[in-house]
Amino acid sequence: MIRHPRRLARVRRAWLWAHLAVALAALALDACASGPVRAQAAAANTAALAFNRALPVVVAEYEREGRAAIDAACCDAAAMRTALATHQTRWQPVVLGWELARIAHDDWRAALERCRDQPAEVCMPGVERTALTFVDSVVRARCAVRVIGRADLDPLPDPPACGDVPTDGGTQ
Amino acid sequence: MTTQAAAIAGDILSTAATLLRGAASAVPQPWGIVLSALAAGAGLGADLAAHGLDPVGTIEEMRSLVPGIKAADGRLADYLAARAQAPQ
């Protein structure tokens, strides 16, 4: 039992200094432990969340347009089958673009996973390379939805640079 | 500082916390309280090292569009068949 106020004050100061020292040490370790890796990991996570959020919307719109194409050709069976096939062909670049982006994202994730066991200076070149590949694939996927006139299905807000490819929807 | 180094630091802090707690019970007061405070601080640091210093964290997996499109194609085929059979 501490009876003397001065000793109590010293104990309290020791407690505070101990916690402060450990907290500062932990923060220093955190600062050293790969800010660029953390930023890349956060970006990869956010990108996947954005695409996964958009996925059911894309599927629903694909189906809605398919039904509209069938209705427009109703009610001869052959005409409706042709309209549906045309619709499916029109959307193939969108599906392909999405899958290529997904494969690139898997590679990016795999490169980041290696950063759990490797220092940042060793794993980061692979992370940066796979990140750039993902970015390229995302641009192509976004351009694919814009080519069919569905900019509203682009999961990211800013318009991508699609080169000379017309992205005003074209004609069916 | 690598993730591995952070994990090692966490182990060191955890060990230090255990030693300090043991020492705190063996020394006279008020030094026992001081050592307990240091042990608690070291334990906090070990926890931070174990849970807060992984730079990668959890990365969501991007889902494939293909299963959803295939399911939609099945529904569209059913819809087409129903429209073809419906009275004009």
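How many helices and strands does chain B have? Chain B has 3 helices and 0 strands. The structure described here is a predicted model, and its values are computed from the atoms.

**Chain B**

Along the sequence, the elements of chain B are arranged as α-α-α. The chain has 88 residues, and 33% of them are buried. Its accessible surface amounts to about 4,800 Å². Carbon and sulfur atoms account for 62% of that surface.

**Helices α2 and α4 of chain A**

Helix α2 of chain A runs over residues 35-72. The helix contains 38 residues, and its first and last C-alpha atoms are 55 Å apart. The span expected at 1.5 Å a residue is 56 Å, to which the value found is close. Within α2(A) there is a kink of about 30 degrees at A:Leu55. The proline A:Pro56 follows shortly after the kink.

Another residue of helix α2 of chain A is A:Ala69. A:Ala69 counts as buried because its relative accessible area is 18%, and the cut-off for buried is under 20%. In space, the C-alpha of A:Ala69 lies 8.7 Å from that of A:Thr86, while 17 residues separate the two in sequence.

Helix α4 of chain A covers residues 120-147, which makes 28 residues. At 1.5 Å a residue, a span of 40 Å is expected for this helix, and the 39 Å between its end C-alpha atoms agrees with that. Just after α4(A) comes A:Gly149, with a positive phi of about 80 degrees.

**The loop between α2 and α3**

In chain A, the loop between α2 and α3 includes A:Cys75. The peptide bond that joins A:Cys74 and A:Cys75 is cis, with omega at about 15 degrees.

**Aromatic pairs**

Over all chains, the structure holds 4 aromatic pairs. One of them is formed by A:Phe51 and A:Phe134, in an edge-to-face arrangement. The ring centres are 6.4 Å apart, and the planes make an angle of 70 degrees. A:Phe51 belongs to helix α2 of chain A and A:Phe134 to helix α4 of chain A, so this pair ties together parts that lie 83 residues apart in sequence.

Are these two rings buried or exposed? A:Phe51 is buried, at a relative accessible area of 3%. A:Phe134 is also buried, at 4% relative accessibility. Both residues belong to a cluster linked by ring pairs, together with A:Trp98 and A:Trp108.

**Salt bridges**

Side chains of opposite charge can pair when their charged atoms come close. The structure holds 15 salt bridges over all chains. Some of those in chain A are listed below.

| Side chains | N to O distance |
|---|---|
| A:Arg102 and A:Asp106 | 3.3 Å |
| A:Arg116 and A:Glu113 | 2.6 Å |
| A:Asp152 and A:Arg150 | 2.7 Å |

The partners A:Arg102 and A:Asp106 both sit in helix α3 of chain A. They are 4 residues apart, which is about one turn of the helix. A:Asp106 is partly exposed, having a relative accessible area of 24%.

In the salt bridge of A:Arg116 with A:Glu113, A:Arg116 is partly exposed at 25% relative accessibility. A:Glu113 is partly exposed as well, with a relative accessible area of 33%.

Which partner in the salt bridge of A:Asp152 and A:Arg150 is buried, and which is exposed? A:Arg150 counts as buried, because its relative accessibility is 8% and buried means under 20%. A:Asp152 counts as exposed, because its relative accessibility is 53% and exposed means over 50%. Both residues are part of a network of salt bridges that also links A:Glu61, A:Arg64, A:Glu65 and A:Arg90.

**A nonpolar surface patch**

A:Leu96, A:Leu100 and A:Ile103 make a nonpolar patch of about 280 Å² on the surface. Of these residues, A:Leu96 is placed in helix α3 of chain A, which spans residues 77-113. A:Leu96 is exposed, with a relative accessibility of 52%.

Technical notes. Residues numbered from 1 in each chain as written. Chains lettered and ligands numbered in written order. Heavy atoms only, no water. Helix = DSSP H or I, 4+ residues; strand = E, 2+ residues; numbered from the N terminus. Buried < 20%, exposed > 50% of the residue type's maximum accessible area, 1.4 Å probe, protein only. Areas by Shrake-Rupley, 256 points an atom, 1.4 Å probe, with all protein chains shown as cover. Patch = residues over 30% accessible without salt bridge, like charges linked within 9 Å, V, L, I, M, F, W, Y side chains within 5 Å. Salt bridge = Lys/Arg side-chain N within 4 Å of Asp/Glu carboxyl O. Expected span 1.5 Å × (residues − 1). Bend = angle between axes of the 7 residues up to and from the residue. Phe/Tyr/Trp six-rings, centres within 6.5 Å; stacked < 30°, edge-to-face > 60°.
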